[in-house]
Number of protein chains: 2
Amino acid sequence: VTGFVSIIGAGPGDPDLLTLKAARLLRDADLVLYDALVSPEMRRLAPRARWFFVGKRAGRPGIGQEAIHRLLVRAARRGQRVVRLKGGDPFVFGRGGEEAVALAAAGVPFEVVPGVSAAIAAPALAGIPVTHRGLSSAFVVVSGHAEDAYRPILESLEPHTVTVVVLMGIASRATLASLLLARGWASPTPAAILRAASSPEATAWIGTLDGLGAATLPEALADSPGTIVVGKVVSLATTIVAARTIPESRLAAGRGR
Amino acid sequence: VTGFVSIIGAGPGDPDLLTLKAARLLRDADLVLYDALVSPEMRRLAPRARWFFVGKRAGRPGIGQEAIHRLLVRAARRGQRVVRLKGGDPFVFGRGGEEAVALAAAGVPFEVVPGVSAAIAAPALAGIPVTHRGLSSAFVVVSGHAEDAYRPILESLEPHTVTVVVLMGIASRATLASLLLARGWASPTPAAILRAASSPEATAWIGTLDGLGAATLPEALADSPGTIVVGKVVSLATTIVAARTIPESRLAAGRGR
């Protein structure tokens, strides 16, 4: 008996934003290896499965990428249907590619099930389209995790040509803002900080680039993951959100200026 | 009675990649306004609804954006549950932002339901992660539709710093390739042309940047929409796909060099 690994994107948090395919695979799974960004509510979708946490939490190191590869390979070789569940899309800063390569090398059959990426969904749920006729015809996605990775990209970009989306960017917001301002982006460029995008705890700070670095967030959120968006499209948030996407109260509560 | 509009991303084509929320809203919909990129199989998910095509087909102009806004507003005011169904994600080159703004202006309640974007899923399903440790820590997404929109962005980007994803890029592949080569991207940079990503007709051409412009595609596909990917991550396709994501035979059939 050979098992099978499904590397699945769990989407931005709300279990309702899982794909039909992801929900079906969870229902039939024997084992689910999941990360910190996966919502606990998703457990009820995989009642048969053993759930095993392999992420990092609050600064404590996780079990390590190599150990995850070994767990995946071993469970599949025991004949299990394994779901590797990752927040957002598994191939966007999710190290899903490394796991796919490891499974391929081990001869373990697997598939990749794309998910709704927070890079696009977090802005959308706050009323911000990453592209919009007349405002932006491109977007770039970087991770705020490592400055040496995002710095050369943001420095090479001509100011105001794209929407900039920074995943896991909250802790780096001051560095990001001064980098873009030094590169020539205008101080009043609209900017947003989005947290817990698709959950009931969603908050949005909407302001401008020169206020981004000093944006005051509730202390508990200051180091949490979250999405930063910079560009003219952010100016649409107020119009679009007024109707439905995030209850007004929550937007107002998070508003910084 | 006030109706409601749900602007929904249909994902890259396979109905299995709809979100749970999208499927539920389709099931209850009275009217579905859909685009050319929406798979006909999705109809069975909305058995109660009237389906109305508002896209463009084979060069023939569609009914126009203003007319779509009027249809949405009018149906909602008649009390209908309206689904506006768009390929991929509605806020990625989908003009979903314009529709949201129009609905907000008309006072019609609406929501945005993010979908799986082809910008990430088309590469993923061909075994290409848009980010990968050591190969790429960022990606930029442009549309191949209008050269004046993508040219300034691609010219501003330092070569080899990001993965470049071009949606609707097949017809522009020669222009795109010479632009990147002129900007200093190396000729052997891996490149891919991906079509019908999540359907049984999926094909992938895998080659290098200097071959991209002259890539021979089956004639029927030459002007079809599709996704182009340029960057080192494309080199992972062969390894990752060998296991599962696209049946080998289809990859081989589309292979150009």
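A146(B) sits in the loop between β6 (138-143) and α5 (147-156) of chain B; helices (H or I, at least four residues) and strands (E, at least two) are DSSP runs, numbered from the N terminus. Because its relative accessibility is 30%, A146(B) counts as partly exposed. Here buried means under 20% relative accessible area, exposed over 50%, and partly exposed in between (1.4 Å probe, protein chains only). A146(B) and V164(B) are 18 residues apart in sequence, and their C-alpha atoms are 16 Å apart in space.

The model is predicted: local features need pLDDT of at least 70, side-chain atom pairs count only at pLDDT 80 or more, and totals for chains, interfaces and linings use all residues. Residues are numbered from 1 along each chain as its sequence is written, chains are lettered from A and ligands numbered from 1 in the order in which they are written, and side-chain values use heavy atoms, with hydrogens and water left out.

**Chain A as a whole**

Chain A has nine helices and 10 strands. It has 257 residues, of which 60% count as buried. Contact means heavy atoms within 4.5 Å. Among contacts in chain A between residues at least 6 apart in sequence, 70% join residues at least 24 apart. The chain exposes about 9,900 Å², and carbon and sulfur atoms supply 53% of that area; accessible areas come from the Shrake-Rupley method with a 1.4 Å probe, and for residues only the protein chains shown count as cover.

**Helices and strands**

Helix α2(A), residues 65-77, has 13 residues and spans 19 Å from its first C-alpha to its last, close to the expected 18 Å. The expected span is 1.5 Å times one less than the number of residues. Its buried residues include I68(A), L72(A) and V73(A), and what covers the buried residues of α2(A) includes β1 (4-9), β2 (31-34), β4 (81-86) and α3 (96-106) of chain A. Just after this helix, G79(A) takes a positive phi of about 90 degrees.

Strand β1(A) also runs parallel to β5(A), joined to it by four bridges; two strands pair if DSSP finds at least two bridges between them. S6(A) stands opposite E111(A) in β5(A). From β5(A), F110(A) and V112(A) point one way and E111(A) and V113(A) the other, and all are buried.

In chain B, the buried residues of helix α3 (96-106) include G96(B), A100(B) and L103(B). G107(B), just after α3(B), has a positive phi of about 75 degrees.

**Loop residues**

Most residues other than glycine have a negative phi. A196(A) has a positive phi although it is not a glycine, and M168(B) is likewise a residue other than glycine with a positive value. The table gives the values for both.

| Residue | Phi | Loop | Relative accessible area |
|---|---|---|---|
| A196(A) | about 50 degrees | between β8 and β9 (203-208) of chain A | 28%, partly exposed |
| M168(B) | near 50 degrees | between β7 (163-167) and α6 (173-183) of chain B | 32%, partly exposed |

Is T189(A), in the loop between α6 (173-183) and β8 (190-195) of chain A, buried or exposed? T189(A) is buried, because its relative accessible area is 5%. Leaving aside neighbours within four places in sequence, its contacts include H160(A), L209(A) and V230(A).
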